[in-house]
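This report sets out computed features of one structure, with attention to aromatic rings, strand pairing and backbone geometry. The sequence and the coordinates are shown below.

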Amino acid sequence: MLCLTLALCKSPDFIKVLPCPANPPVQGKALNHCASGLAVSSTRYKEDSWFKSLFVRKVDPRKDAHANLLTKNEESNLYKIQFHNVKPECLDAYNKICEEILPAIHADKYYPCELVGTWNTWYGEQDQAVHLWRYRGGYPALTEVMTKLRENKEFVEYRKERGKMLLSRRNQLLLEFSFWNEPVPREGPNIYELRSYQLRPGTMIEWGNYWARAIGYRQHNSEAVGGFFSQIGNLYMVHHLWAYKDLQSRENTRNAAWQHEGWDEVVYYTVPLIQHMDSRIMIPTKASPLK
């Protein structure tokens, strides 16, 4: 009688068939022998599966949206960030019309929005303007502002003139991380760094867990301005906004972070979450509440 046993190779997906010994035992013992071979193979398979599970990232089932887990639940602030690429010869004229219109909207209580900051990029994409708006009340406030601005003749004219000066523009709607500061006006002069991170899909909660600890290492010089993540536009995008007195101050502050125990661990574990990252050094314009 021919008896076959199953032997498990290193890969659990490949089963190798082996013949039984040349002098097999009697029929009853032959069945026991084959059964024992299967038992050993099953045990090895379980051990191998357990070993592999150590290297498989597990995602816990969640019963709430990431946005609800990462934001300040007691507030419903929505942010809009705008990137305007301006024709080089038009940048001064662009800044001038922005200084005339944007502060007026910011100061008018008729519009439930605030101009957080407005800048020109110094290092990074050249001839670029960046505007950051806050809408207290979330999406309803955004809708209300957009509806009212369409009836504002000065703003409509501003958009027409602005359009003649632009090469391209894009925007994103953002929420703020619960563990970051809310951006508030500050005195200058300062330079600002906007560090943008494109994360791997599914890693936002992991990023938030690490940075909830890390932000404590970056508060000593009051350099942390705001931290945001995208809701509409490029998804899984994170923006960190920092303020420094100058480029040397930036260098000194960033180097000092490495002296804090735990900062190296945060960097080590968050770098693999990033697909792409970018840094802009920005100069506030005259209209910016962040000076």
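## A stacked tyrosine pair

In this predicted model, Y210 has a relative accessibility of 17% and therefore counts as buried, the cut-off being under 20%. Y269 has a relative accessible area of 39% and is partly exposed. The two rings form a stacked pair, because their centres lie 5.6 Å apart and their planes stand at 0 degrees. This pair links distant parts of the chain: Y210 belongs to helix 6 (residues 204-214) and Y269 to helix 8 (residues 263-270), with the two positions 59 residues apart in numbering.

## Other aromatic contacts

A pair of aromatic rings is described by the distance of the centres and the angle of the planes. The search of the whole structure returns 17 aromatic pairs. F177 and F179 make up one stacked pair, at 5.1 Å centre to centre and 25 degrees between the planes. F177 is buried, with a relative accessible area of 1%. F179 also counts as buried, at 19% relative accessibility. Ring pairs further join W180, Y197, W207, W211, Y217, W242, W258 and W263 into a cluster.

Two arginines are placed over aromatic faces. R218 lies over the face of W242, at 4.1 Å from the ring centre, and W242 is also a member of the cluster. R170 lies over the face of F83, at 4.3 Å from the ring centre.

## Strand 9 and its partners

Which residues cover the two faces of strand 9? On one side are M237, H239, L241 and A243, and on the other V238, H240, W242 and Y244, all of them buried. In a regular strand the side chains alternate between the two faces of the sheet. The count for strand 9 is accordingly 8 buried residues of 8.

Strand 9 pairs with strand 7 in the antiparallel sense, over 8 bridges. Within strand 9, W242 stands opposite E193. Strand 8 also runs antiparallel to strand 9, to which 5 bridges join it. V238 in strand 9 is the bridge partner of F229. Strands 8 and 9 form a hairpin with 4 residues between them, and G233 in the turn has a positive phi of about 115 degrees.

## Backbone geometry in the loops

Most residues other than glycine have a negative phi, and most peptide bonds are trans. Y236 has a positive phi of about 55 degrees although it is not a glycine. Its position is the loop between strand 8 (224-232) and strand 9 (237-244), and with a relative accessible area of 24%, Y236 is partly exposed. D127 likewise has a positive phi, near 55 degrees, and is a residue other than glycine. The loop that holds D127 runs between strand 4 (114-123) and strand 5 (128-136). At 25% relative accessibility, D127 counts as partly exposed.

Where is P189 found? P189 is in the loop between strand 6 (166-176) and strand 7. The peptide bond leading from G188 to P189 is cis, with omega near 5 degrees.

## Cysteines

A disulfide is a covalent bond between the sulfur atoms of two cysteines. How many disulfides does a search of the whole structure find? The result is 0. C98 is buried, with a relative accessible area of 3%, and C90 is buried, with a relative accessible area of 17%.

## Confidence of the model

The protein chain has a mean pLDDT of 82, with 75% of its residues at 70 or more. Confidence is highest in strand 7 (residues 191-199), at 98, and lowest in strand 1 (residues 4-8), at a mean of 40. Two stretches have a pLDDT below 50. Over residues 38-47 the value is below 50, and this stretch has 7 contacts in the model beyond near neighbours in sequence. Residues 49-61 also have a pLDDT below 50, with 4 contacts beyond near neighbours in sequence. Where pLDDT is low, the predicted coordinates should not be read in detail.

How values were computed:
Residues numbered from 1 in each chain as written. Predicted model: local features only at pLDDT ≥ 70, side-chain atom pairs only at ≥ 80, totals over all residues. Heavy atoms only, no water. Phe/Tyr/Trp six-rings, centres within 6.5 Å; stacked < 30°, edge-to-face > 60°. Buried < 20%, exposed > 50% of the residue type's maximum accessible area, 1.4 Å probe, protein only. Lys NZ or Arg CZ within 6 Å of the ring centre and 35° of its normal. Disulfide = S-S within 2.5 Å. pLDDT = per-residue confidence, 0-100. Contact = heavy atoms within 4.5 Å. Pairing = 2+ DSSP bridges.
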